[in-house]
Amino acid sequence: MHSQNETSSYKHASGGGRLLDKVAVITGAASGIGKEIALSFAREGAKVVIADLDQSAAQKAASDIDPMGKRALGVGMDVSKEEQVESGMAQAIDTFGGLDILVSNAGVQIVAPLVDFDFDKWKKLLSIHLDGAFLTTRAALRQMYRQNSGSIIYMGSVHSKEASPLKAPYVTAKHGLIGLAKVVAKEGAAHGVRANVICPGFVRTPLVDKQIPEQARALGISEADVIKTAMLKETVDGEFTTVQDVAEAALFLAAFPSNALTGQSMVVSHGWFMQ
Ligand code: NAD
C-alpha cells in the first residue's frame, strides 16, 4: 500500500512517478524515438536532458516538456565528437546534480549495396552509432560510478540480431551495441550500473520515412511494396512498432528496481524477430 506522501508525489509527476527526480540524458532526443522517451521519462517524474546534433530542435523539445527549464534541458551535441560529448555530459550533470540514466539513442541510416558502399559514409555511420555510444557511456560511467548506481540503455534494432540487404554498416553497428552493453554490464556491476539494449522493429520516424523511397529505388519496387514485403513482412500482424511502444520498453528498463536485469536485449518488433 502507498503512503499518503507517495500518492501525492505520483500525482505531482502526473504519470505514476516511476522515475521521480532521476536524471536522464537521452541522445538524439530532438526527434522520433528519443523524443518520445524523453517525454515519457518526464511524465514519470524524471529530469531530462535532450542531447541532439540539432541544438535548436533539442531546446525546442526541452521547452515543450518544461517551458520553465527546471526539469528539461536541451543540449547541442554531436555524439561522435569527443569534446562535444564531454562538455554536453558535464553540462547535464552540473545542471541537474547527477546522472541516473543514459539512453544512447542517436542514430542515422544510410542504405546502399555493399559492393558500392562509400567508405566515408561507412565511417560516418559507425562513428555516430558506435563512437557515440562509447563516448556517452564513458562520460556517464564516471558519474554513475561516483553515485554507485545507474542504468544505461542502448537503442539497438532488430538489426542487432538480423541482417537486411543494403544496410551493412547499420547492421554491423547495431550488432556491436550488444557487445558494448554486455561489457558495460560486466564492468559496471561492481559499481551498481546495469546496461541493456532495446531492439525495435520498424517505427515510422523521419529515419524510416527517408528510407522508404531510397529502398524503393534501390530494390526497384514500389514504396508500398517496401513497407509490405521488406519492412513488415516478418511481423506477426503487419504493424509498425510505435514510438510509444519503444518508450514503454525504455521506461521498463530504466525503472527496473534491481540489477538483476543487465546485459540483455529486448526485441520490440511485433514478432518480426523472436528469440
Ligand atoms: P530520427 O531520425 O527521428 O531521430 C534521430 C535523432 O538523432 C535526430 O534528432 C538527429 O538529429 C539525431 N542525431 C543524428 N546524428 C546525431 C549525432 N551525430 N549526434 C547527436 N544526435 C544525432 O530517428 P529514430 O527513428 O527516432 O531513431 C532513433 C534511434 O532508434 C536510432 O539509433 C535508430 O537506429 C534506432 N532505431 C530506429 C528504428 C526505426 O524504425 N525508426 C528501428 C530500430 C532502431
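R18 and E248 meet through their side chains in a salt bridge, with N and O 3.4 Å apart. R18 sits in the loop between helix 1 (4-13) and strand 1 (23-27), while E248 belongs to helix 9 (residues 243-255), so this pair ties together parts that are 230 residues apart in sequence. Keep in mind that you're looking at a predicted model. How covered are the two partners? R18 is partly exposed, with a relative accessible area of 43%, and E248 is partly exposed too, at 44%.

That contact has company: a search of the whole structure turns up 11 salt bridges. Here are three of them, including the one you just met.

| Salt bridge | N to O distance | Relative accessible area |
|---|---|---|
| R18 and E248 | 3.4 Å | R18 43%, E248 44% |
| R142 and E86 | 3.1 Å | R142 39%, E86 27% |
| R204 and D209 | 2.7 Å | R204 45%, D209 36% |

Let's take the middle row. R142 forms a salt bridge with E86. This pair links distant parts of the chain: R142 is in helix 5 (residues 119-147) and E86 is in helix 4 (residues 82-96), 56 residues apart. These two aren't on their own, either, as E82, E86, R138 and R142 are linked in a network of salt bridges. As for the last row, R204 and D209 pair up with their closest N and O atoms 2.7 Å apart. R204 is partly exposed, and D209 counts as partly exposed as well.

Now for a strand. Is strand 6 (residues 193-200) mostly covered or mostly open? Mostly covered: 8 of its 8 residues are buried. Both faces are covered, with V193, A195, V197 and C199 buried on one side and R194, N196, I198 and P200 buried on the other. Buried here means under 20% relative accessible area, so R18, at 43%, falls outside that group.

Which strands pair with strand 6? One is strand 5 (residues 150-155), which runs parallel to strand 6 and is joined to it by 6 bridges. If you want a spot to look at, find S151, which stands opposite R194 in strand 6. Another partner is strand 7 (residues 264-268), which pairs with strand 6 in the parallel sense over 5 bridges. There, C199 has V267 in strand 7 as its bridge partner.

How does the chain get from strand 5 to strand 6? Helix 6 (residues 168-188) joins in: strand 5, helix 6 and strand 6 make a right-handed β-α-β unit.

Conventions:
Residues are numbered from 1 along each chain as its sequence is written. This is a predicted model: local features need pLDDT of at least 70, side-chain atom pairs count only at pLDDT 80 or more; totals for chains, interfaces and linings use all residues. Side-chain values use heavy atoms; hydrogens and water are left out. Buried means under 20% relative accessible area, exposed over 50%, partly exposed in between (1.4 Å probe, protein chains only). Helices (H or I, at least four residues) and strands (E, at least two) are DSSP runs, numbered from the N terminus. Two strands pair if DSSP finds at least two bridges between them. A crossover is right-handed if, with the strands pointing away from the viewer, the path from the first strand over the helix to the second runs clockwise. A salt bridge is a side-chain nitrogen of Lys or Arg within 4 Å of a carboxyl oxygen of Asp or Glu.
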